[in-house]
Every structure is written in structure tokens, then in C-alpha cells.
Amino acid sequence: MGAVYLAEHRRMGRLVALKIINPQLLNHSGALMRFQQEVKTAAKLDHANIVAAYDVDQAGKMHFLVMEYVEGQNLADYLAENGSLPVAQACEIVRQAALGLQHAH
């Protein structure tokens, strides 16, 4: 649907994740509506295991969502570099993801 970039929020002076909807998708009916629904849903979520949505805006034809930046590495890259996780660590990661999903549900 789009791309996520690391950015600095100029007014807040902090690093954020900036999700930008793919401009080519704006030609498809419903894409902007889906993005706006994602924004509304994200704004309602407040949980330690879900990144926070800070802001949404539009600059010309570019629509974007400003979100909490969480420093780290995605799990796929970590596993590619380090191999399998110990069972206890894998279970803890799944538990945290499940808690976030439960809250979102």
C-alpha cells in the first residue's frame, strides 16, 4: 500500500516512522478510503505492543501517516543473521504480538 521511512518530526524534534501511501494507488478506487480507515483504526489503538499513530496529513497528492518510531530490527532479518531463537525467547515474542493483536481485536 505504501512505504515507511525514518523521518524527523520538525516541530516535535523526534524521530518518527512516516508511512506514505503509494501515489499510483490513488488512481484505484477505494485505496484512499482504505488508507483513511487504517489511520482511524490506528488512532484508536493505545497499547505497549502497537506503535502509536501521531498524525496524518497530506502534501499535494502525497498522503501520509506519522507514527511512533521503534528502533530495532525486524524479526526476519534477525533470524537470517542469527538463526533460530531459543524456545523461551520465541514464545515471548509471540506472546507480545498476541497481546497487541488481542487489543486491536
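Which pattern does the protein follow when read along the sequence? The answer is β-β-α-β-β-α-α, and the legends below walk through a few close-ups of it. This is a predicted model, in which local features need pLDDT of at least 70, side-chain atom pairs count only at pLDDT 80 or more, and totals for chains, interfaces and linings use all residues. Residues are numbered from 1 along each chain as its sequence is written, and side-chain values use heavy atoms, with hydrogens and water left out.

**View 1. The whole chain, with its 3 helices and 4 strands.** Helices (H or I, at least four residues) and strands (E, at least two) are DSSP runs, numbered from the N terminus. The C-alpha atoms fill a box of roughly 50 × 30 × 25 Å, taken along the principal axes. Of the 105 residues, 19% count as buried; here buried means under 20% relative accessible area, exposed over 50%, and partly exposed in between (1.4 Å probe, protein chains only). Contact means heavy atoms within 4.5 Å. Among contacts with a separation of 6 or more, 43% come from residues 24 or more positions apart.

**View 2. Confidence along the model.** The predictor's confidence in each residue is its pLDDT, on a scale from 0 to 100. The protein has a mean pLDDT of 91, and 100% of its residues reach 70 or more. Among the elements, helix H3 (residues 87-104) has the highest mean, 96, and H1 the lowest, 88.

**View 3. Two separate nonpolar cores.** A nonpolar core is a set of buried Ala, Val, Leu, Ile, Met, Phe, Trp, Tyr and Cys residues joined through side-chain atoms within 4.5 Å. The largest one has 6 residues: Ala17, Ile21, Phe35, Val39, Leu65 and Met67. S2, helix H1 (31-44) and strand S4 (62-68) each supply at least two residues of this core. Apart from it lies another core of 5 residues, including Val16, Ile20, Phe64 and Val66. Back in the largest core, Val39 touches Val56 and Leu65, not counting residues up to four places away in sequence.

**View 4. Lys19, a buried lysine with a polar partner.** Look for Lys19 in strand S2 (residues 14-21). Lys19 counts as buried because its relative accessible area is 16%. Its side chain and that of Glu38 are joined by a polar contact of 2.7 Å. A polar contact is a pair of N or O atoms within 3.5 Å; within protein, one must be able to donate a hydrogen and the other to accept it, and residues adjacent in sequence count only if both atoms are side-chain atoms. Leaving aside neighbours within four places in sequence, the residues in contact with Lys19 include Ala3, Val4, Phe35, His63 and Met67.

**View 5. His9 and the backbone after it.** His9 belongs to strand S1 (residues 2-9). Is His9 buried or exposed? It is buried, because its relative accessibility is 18%. The His9 side chain reaches the backbone nitrogen of Arg11 at 3.4 Å, and a polar atom of that side chain lies 3.1 Å from the backbone nitrogen of Met12. Beyond four places in sequence, His9 is in contact with Arg14, Val16 and Val66.

**View 6. Arg14 over the face of Tyr54.** Arg14 lies 4.0 Å from the ring centre of Tyr54. A charge sits over a ring if NZ of Lys or CZ of Arg is within 6 Å of the ring centre and within 35 degrees of the ring normal.

**View 7. Tyr69, in the loop between S4 and H2.** Tyr69 counts as partly exposed because its relative accessibility is 31%. Not counting residues up to four places away in sequence, Tyr69 touches Leu6, Leu15, Val16 and Ala17. Tyr69 and Leu18 are 51 residues apart along the chain, while their C-alpha atoms are separated by 8.6 Å.

**View 8. The two ends of helix H2 (residues 75-82).** At the start of H2, a side-chain oxygen of Asn74 reaches to within 3.1 Å of the backbone nitrogen of Ala76. Just after H2, Gly83 takes a positive phi of about 80°.
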